[in-house]
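Please examine the sequence and the structure shown below. The report that follows describes selected features in formal terms.

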Amino acid sequence: MVDAKRRVPDWLNSPLWYSPDSNHHHHANATVYVDIDEEEDPPIATSIHQPPPPPIAVREGRDASDEGASTSSVPSAEEVARNAQLFVELSKKIVNMREVRRLVSMGVPDGTSVRPTLWKLLLGYLPTDRASWPAELAKKRSQYRHLKEELLISPSEVLKRLEKLNFPNNEPKCESRGPLPRSEVTHAEHPLSLWKSSIWFKFFQDTDILEQIERDVLRTHPDLPFFATDSPFSKSNREALRRILIIFTKLNPGIRYVQGMNEILAPLFYVFRNDADEENLGHVEADTFFCFVELFSRFRDNFCQQLDDSAVGVRSAITKLSQLLREHDEELWRHLEFTCKVNPQFYAFRWITLLLTREFDFSDCLHIWDALLSDSEGLQETLFRICCAMLIFIRRRLLAGDFTSNLKLLQNYPATNISHLLYVANKLRTHPS
């Protein structure tokens with residue numbers, strides 16, 4: 001029988017992954033995030049797997065109290081150089097996406113002005129030919145304006161517009177200027193109509209969904225003044241989220257609105273709302289909508305209830321994560337699955353469906369999304385590796401815990417050095433045990 005402890009990759013046993021104090025807790029500024037077996041000797045210095053570079057100092061979370069501006073500490077020389085490289089790539093006539101992905105995967109520096117453009121490129125909203133950007137953006141933004149005009153009006157307004165079309169001179173068919181005779185009110189126009197083709201029937205059918213969107217938008221990142229205060233700025237941001245979700249819901253009747261979509265929409269809107277380009281700031285809502293559509297298309301099966309038990313549904317995704325953990329750390333996998341009997345659905349469902357937006361500070365989520373969007377292997381596979389790395393990071397605590405303590409830990413993930421987390425996630429791509 002193969003010793004389960006051998007399932008832990010040797011490269012994870014590097015001394016750089018743990019501090020001299022083995023009882024040190026996992027804090028954002030600590031240099032230890034991967035638990036190793038104390039009984040095993042660390043590998044010799046000539047190991048074929050080189051240890052990671054010293055971690056970049058973890059910066060404090062971005063202060064969103066400025067309601068629009070992003071603040072960060074002084075960037076390192078490495079970050080300044082990478083930011084300059086990104087500017088160079090984005091200045092080329094034809095953007096080299098392979099190079100852009102490589103640079104973004106290394107981390108987009110906080111406070112940089114290029115992240116909005118990078119995300120639009122990585123999501124396919126902007127083409128690689130810079131000369132075509134103005135025309136492409138104008139077309140998309142015009143499309144969104146028409147969508148708002150068509151889908152964000154009440155049935156009564158629709159009827160008024162139809163009446164203007166039928167009677168351009170404001171002259172109704174009947175001579176009387178009183179109420180429209182009952183006999184002339186069509187089924188489509190009657191508010192109590194049960195016909196599925198009636199605009200009023202569709203309007204009332206959407207009421208429950210619209211109320212759910214409203215409730216979820218109000219709960220979006222209550223810790224961020226950018227979304228959560230009563231200021232005109234925050235209210236306008238919430239209104240934009242609400243309109244985007246309503247339009248998306250009406251355009252996708254097969255999926256409609258699913259709770260949590262607001263959490264996925266929020267990072268996109270936040271990043272685009274902090275664009276340094278004044279012209280782009282006038283079209284944040286339109287840009288966010290189309291990027292949300294593209295992002296959602298990459299993992300929409302996780303939100304489709306009819307596919308939950310299929311090979312492409314969310315349960316299948318959770319199973320793939322479990323298999324990845326077994327491949328890289330069988331001891332931890334057996335402990336969670338058989339000793340503690342912690343069903344992965346209890347924690348991984350939220351991790352996977354919400355793209356980790358609820359597990360970390362908002363500024364850390366942006367760095368995780370840099371990795372998710374830039375990986376050439378695709379969003380889902382990258383997400384699985386990051387989730388697997390999250391489990392390995394806290395393996396010592398999980399191995400020492402029982403069902404209750406482990407479930408609480410996994411549903412309230414501790415503060416973590418994101419640079420190290422993404423490094424380990426990348427290692428899981430190339431170093432299965």
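Two helices, H13 (314-328) and H14 (330-339), each supply at least two residues of the lining of the largest cavity. This is a predicted model. The largest share of that lining, four residues, comes from H13. The space in the largest cavity amounts to about 60 Å³, and the structure holds four cavities of 30 Å³ or more.

Which residues line the largest cavity? They are Ile318, Leu321, Ser322, Leu325, Trp333, Leu336, Glu337, Pro344, Tyr347 and Leu391. By character, this lining divides into eight nonpolar residues, one polar residue and one charged residue.

A second topic is helix H3, which spans residues 115-122. Is H3 largely enclosed or open? Eight of its eight residues are buried, so H3 is largely enclosed by the rest of the structure. The buried residues are Arg115, Pro116, Thr117, Leu118, Trp119, Lys120, Leu121 and Leu122. After H3 comes Gly124, which has a positive phi, near 80°.

The table below gives values for the protein as a whole.

| Property | Value |
|---|---|
| Helices in the protein | 20 helices |
| Strands in the protein | zero strands |
| Buried share of the 433 residues | 45% |
| Exposed area of the protein | about 22,400 Å² |
| Share of the exposed area from carbon and sulfur atoms | 53% |

Contacts can also be described by separation along the sequence. Among contacts in the protein with a separation of 6 or more, residues 24 or more positions apart account for 70%.

Key: Residues are numbered from 1 along each chain as its sequence is written. This is a predicted model: local features need pLDDT of at least 70, side-chain atom pairs count only at pLDDT 80 or more; totals for chains, interfaces and linings use all residues. Side-chain values use heavy atoms; hydrogens and water are left out. Buried means under 20% relative accessible area, exposed over 50%, partly exposed in between (1.4 Å probe, protein chains only). Contact means heavy atoms within 4.5 Å. Accessible areas come from the Shrake-Rupley method with a 1.4 Å probe; for residues, only the protein chains shown count as cover. On a 1 Å grid over the protein atoms alone, a cavity is a set of points where a 1.4 Å probe fits but cannot get out, and a pocket is an open set with protein on both sides within 12 Å along at least five of seven lines; lining residues have an atom within 4 Å of a point. Grid points are joined across faces, edges and corners, and a volume is the space filled by probe spheres set on the points. Ala, Val, Leu, Ile, Met, Phe, Trp, Tyr, Cys and Pro count as nonpolar, Asp, Glu, Lys and Arg as charged, and the others, Gly among them, as polar.
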